[in-house]
Amino acid sequence: MLLVLSEEHKAHLGALPLVGDPAVGELGRLAVELLRRGAAPRACETAARKLSIDVDTVQHGVEGLTYLLSESSKLMISEIDFQDSIHVLGFSDELNKLLLQLYLDNRREIRRILGELEPKLPSYHSLEWRLDVQLASRSLRQQIKPAVTIKLHLSQNEDQTVQVLQTDPSTLLHLIQQLEQALGEMKTNHCRRIVRNMK
Amino acid sequence: QRFRFCGDLDCPDWVLAEISTLAKISSVKLKLICGQVLRDLLGEAMEYEKILKLTSDAKLDSGDVKATIAVLGFVLCSAAKHGVDSESLASELQQLGLPKEHAGGLCRCYEEKQSCLQDRLRARSLRLSRLGSVCWRVDHTLSSSELWEVNEPLVHLTFNVRDGEHGGTAAVPVVLSADKFRVLLAELRQAQALMNSL
């Protein structure tokens with residue numbers, strides 16, 4: 001699968017052969033840092049001063065590299081496809097090899113970072129419960145009514161929410177039975193076949 | 001095999017795995033570490049540096065130290081939760097492979113603090129809301145725009161409720177006439193009599 005680079009992207013990456021190969025290594029490192037930690041304008045300024053080029057050129061070069069690396073990692077393109085995709089930029093063989101090495105070295109980490117960007121549903125954090133028995137109320141004395149109160153702690157992207165639920169013991173037993181049945185589904189042939197194919 | 005201190009269930013694998021780590025520490029030092037763990041469970045600060053000093057002889061690395069604290073915390077909390085007496089706990093720990101002096105030291109620590117621990121666990125149990133305090137005031141209405149001479153007493157009550165769901169205190173103000181207040185009082189007295197008869 002080939003990457004199609006837009007004209008603007010090609011123009012940004014066009015700055016790379018001008019800075020020289022060791023500088024491209026530095027820009028590559030900045031690009032990976034950008035993916036790991038976010039924008040660092042001061043680092044770009046320092047690099048621009050060290051290489052005596054315009055800050056904007058450095059910024060565009062780093063951003064272009066970042067986009068190239070993240071798109072390639074996202075699509076998990078093979079080495080040959082990567083080389084063919086950047087061939088269109090007309091760089092020297094040395095530069096192409098450098099870019100390929102940059103891609104291969106950082107591919108796994110970039111994929112891990114991209115994997116964390118997906119939207120998340122609230123997930124289980126912890127559970128507190130209590131068992132009470134109602135003995136009497138204003139309208140009726142001499143009762144025995146057991147109830148289980150559950151406080152479910154959920155977390156979603158560092159937000160903590162709380163859900164309070166109440167049920168009687170027979171509903172709770174039914175709930176447990178349904179959840180155990182759901183877990184048991186993993187052992188059926190159908191699920192086993194799918195899991196085997198995924199591995 | 002079922003253990004009472006695990007609530008009549010199997011002992012968790014990670015606890016079994018760390019029993020041998022506990023055996024590496026001398027039984028005297030284990031008792032002191034237990035004391036520190038109990039301090040943490042009872043809400044005071046645990047002195048981690050002391051624990052590090054006590055485990056340094058046994059040459060435990062930082063992962064083993066944390067595992068030791070976790071296992072001791074689990075055993076003490078779980079035993080208190082299920083109301084296990086200290087002799088049963090000692091015999092069950094020996095069944096798991098903990099040497100006799102170690103189990104004995106641990107259980108002596110447990111016995112001293114068992115009721116404190118249970119009180120603290122009881123206080124930490126789930127409560128949805130809690131009444132903080134009640135403030136009251138009795139007024140006498142003289143007159144109003146509807147009627148020239150009203151002359152009726154009025155009770156203002158403010159319940160300060162601590163919300164268990166989200167934390168924080170909410171004030172709930174209520175205004176009652178004398179008759180309604182008498183009904184409220186009678187009903188609450190009946191509920192109190194029921195509670196006392198339990």
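In the model, which is predicted, strands S1 and S2 of chain A pair in the antiparallel sense over eleven bridges. One of the residue pairs in this ladder joins A:Trp129 to its bridge partner in S2(A), A:Ile150. On the side of strand S3(A), S2(A), which spans residues 145-156, is joined by nine bridges, and these two strands also run antiparallel. Among the pairs across this second ladder, A:Leu152 has A:Gln163 of S3(A) as its bridge partner, and A:His153 is partnered by A:Val162, likewise of S3(A). S2(A) and S3(A) form a hairpin with two residues between them. In the turn of that hairpin, A:Asn157 has a positive phi of about 50°.

Taken as a whole, the chain A strands form an open sheet of three, in the order S1-S2-S3, with antiparallel pairing. The edge strands are S1 (123-134) and S3 (159-167) of chain A, each of which pairs on one side only. From one strand to the next, the twist averages 15°. Burial was examined for S2(A) in particular. Nine of its twelve residues are buried, so S2(A) is largely enclosed by the rest of the structure.

Helix H4 of chain A, formed by residues 41-51, has buried residues at A:Cys44, A:Ala47 and A:Ala48. These residues lie on the same side of H4(A) because the arc that they cover around the axis is only 100°. An α-helix has 3.6 residues a turn, so residues three or four places apart point the same way. The other side of H4(A) carries the exposed residues A:Arg42, A:Arg49 and A:Lys50. The cover over the buried residues of H4(A) includes helix H3 (21-37) and helix H5 (55-75) of chain A. Just after H4(A), A:Ser52 takes a positive phi of about 50°.

Chain B also contains an open sheet of three strands, here in the order S3-S4-S5, and the pairing is antiparallel. Strands S3 (129-141) and S5 (169-177) of chain B stand at the edges, each with a single partner strand, so one side of each is left without a neighbour in the sheet. The twist in this sheet averages 20° from one strand to the next. Between S3(B) and strand S4 of chain B (residues 152-163), which run antiparallel, there are twelve bridges. Within this ladder, B:Arg130 has B:Arg162 of S4(B) as its bridge partner. Helix H7 of chain B (residues 178-196) lies across S4 and S5 of chain B and runs at about 120° to S5(B).

The helices of chain B were considered next. Helix H2 of chain B comprises 15 residues (27-41). From its first C-alpha to its last, H2(B) reaches 21 Å, close to the 21 Å expected at 1.5 Å a residue. The buried residues of H2(B) are B:Leu30, B:Ile33, B:Cys34, B:Gln36, B:Val37, B:Leu38 and B:Leu41. These buried residues pack against four helices of chain B, namely H1 (13-24), H3 (48-56), H4 (62-81) and H6 (100-123). Just after H2(B), B:Gly43 takes a positive phi of about 100°.

Two of the helices against which H2(B) packs, H1(B) and H4(B), also meet each other: their axes come within 9 Å and cross at roughly 115°. The crossing in which H1(B) passes H4(B) is left-handed. On the H1(B) side, the contact is made by B:Trp14, B:Val15, B:Glu18, B:Thr21 and B:Leu22. H4(B) contributes B:Asp64, B:Ala67, B:Thr68, B:Ala70, B:Val71, B:Leu72 and B:Phe74 to the contact.

Helix H3 of chain B includes B:Lys50. This residue counts as partly exposed because its relative accessibility is 43%, a value between the 20% under which a residue is buried and the 50% over which a residue is exposed. B:Lys50 is 18 residues from B:Leu32 in sequence, and the two are 9.2 Å apart in space, C-alpha to C-alpha.

Note on methods: Residues are numbered from 1 along each chain as its sequence is written. Chains are lettered from A and ligands numbered from 1 in the order in which they are written. This is a predicted model: local features need pLDDT of at least 70, side-chain atom pairs count only at pLDDT 80 or more; totals for chains, interfaces and linings use all residues. Side-chain values use heavy atoms; hydrogens and water are left out. Buried means under 20% relative accessible area, exposed over 50%, partly exposed in between (1.4 Å probe, protein chains only). The arc is that of the directions from the helix axis to the C-beta atoms. Contact means heavy atoms within 4.5 Å. Two strands pair if DSSP finds at least two bridges between them. Axes are lines fitted to C-alpha atoms, for helices over the stretch in contact, and angles run from 0 to 180 degrees between N-to-C directions. The expected span of a helix is 1.5 Å times one less than its number of residues. A crossing is left-handed if the near helix is turned anticlockwise from the far one by less than a right angle, and right-handed if clockwise.
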